[in-house]
Amino acid sequence: MSFDKFGKMSYVSETKVADFVKYLEEGKIMATRCIRCGKLYFPPRADCPDDLSVDMTWQELSGRCKLLTYTTAHFAPVGFKDDLPYTLALAQCEEGVKVFALFSKDLNENEIHIGMDLRLTPLPLPNGRITYELKKV
């Protein structure tokens with residue numbers, strides 16, 4: 001399974017959760033849930049790190065989140081220099097999983113406040129790749 005189209009930079013080309021890219025292209029934000037213990041993971045995991053089960057299933061997230069914290073980066077690793085400055089956020093989805101993602105460039109920094117409602121959405125990139133971002137509701 002290929003994972004080449006995910007994100008600005010691909011660090012992993014093959015993974016058991018490659019369908020994540022297909023779901024993003026369909027406009028869906030998907031997590032995986034361990035069938036044995038019930039824990040939900042985002043980004044999706046192929047195996048449960050808690051009980052080492054390989055019995056995982058896909059679960060669509062609503063995308064509704066609340067902002068927990070954020071920071072604005074003025075220095076970037078390889079592949080992200082053209083995006084500077086950019087804001088990274090940690091948000092909690094209503095399903096309980098925490099999401100670490102970029103804020104949409106449409107969001108003005110002075111609009112940001114802890115606890116604000118956000119939506120996690122797929123973000124097609126200009127080079128045919130895809131990722132996800134947090135947007136203001």
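Helices (H or I, at least four residues) and strands (E, at least two) are DSSP runs, numbered from the N terminus. Welcome to a predicted model, in which local features need pLDDT of at least 70, side-chain atom pairs count only at pLDDT 80 or more, and totals for chains, interfaces and linings use all residues. Residues are numbered from 1 along each chain as its sequence is written, and side-chain values use heavy atoms, with hydrogens and water left out.

**Overall build**

- The protein has one helix and eight strands, and along the sequence they follow the pattern α-β-β-β-β-β-β-β-β.
- The radius of gyration, taken over C-alpha atoms, is 15 Å. This agrees with the value near 14 Å for a compact globule of 137 residues, where the globule rule is 2.2 Å times the number of residues to the power 0.38.
- Along the principal axes, the C-alpha atoms fill a box of roughly 45 × 30 × 25 Å.
- Of the contacts (heavy atoms within 4.5 Å) with a separation of 6 or more, 47% are between residues 24 or more positions apart.

**Surface and charge**

- Buried residues (under 20% relative accessible area, with a 1.4 Å probe and protein chains only) make up 39% of the 137 residues.
- The accessible surface comes to about 7,900 Å², and 53% of that surface belongs to carbon and sulfur atoms. These areas come from the Shrake-Rupley method with a 1.4 Å probe; for residues, only the protein chains shown count as cover.
- The protein has 18 positive charges (Lys and Arg) and 19 negative ones (Asp and Glu), while His and the chain ends are not counted.
- The mean positions of the two sets of charges are 2 Å apart, with each charge placed at NZ of Lys, CZ of Arg, CG of Asp or CD of Glu.

**Backbone spots to find in the loops**

- Phe-42 and Pro-43 are joined by a cis peptide bond with omega near -5°; Pro-43 sits in the loop between strand E2 (40-41) and strand E3 (56-60).
- The bond from Leu-84 to Pro-85 is cis, with omega about -20°, and Pro-85 belongs to the loop between strand E4 (64-73) and strand E5 (86-93).
- Leu-52 lies in the loop between E2 and E3 and has a positive phi, near 65°, although Leu-52 is not a glycine.
- At 68% relative accessibility, Leu-52 counts as exposed (over 50%).

**A buried strand residue**

- Thr-121 is part of strand E7 (residues 117-124) and is buried, at 16% relative accessible area.
- Leaving aside residues up to four places away in sequence, Thr-121 touches Ile-29, Thr-131, Tyr-132, Glu-133 and Lys-135.
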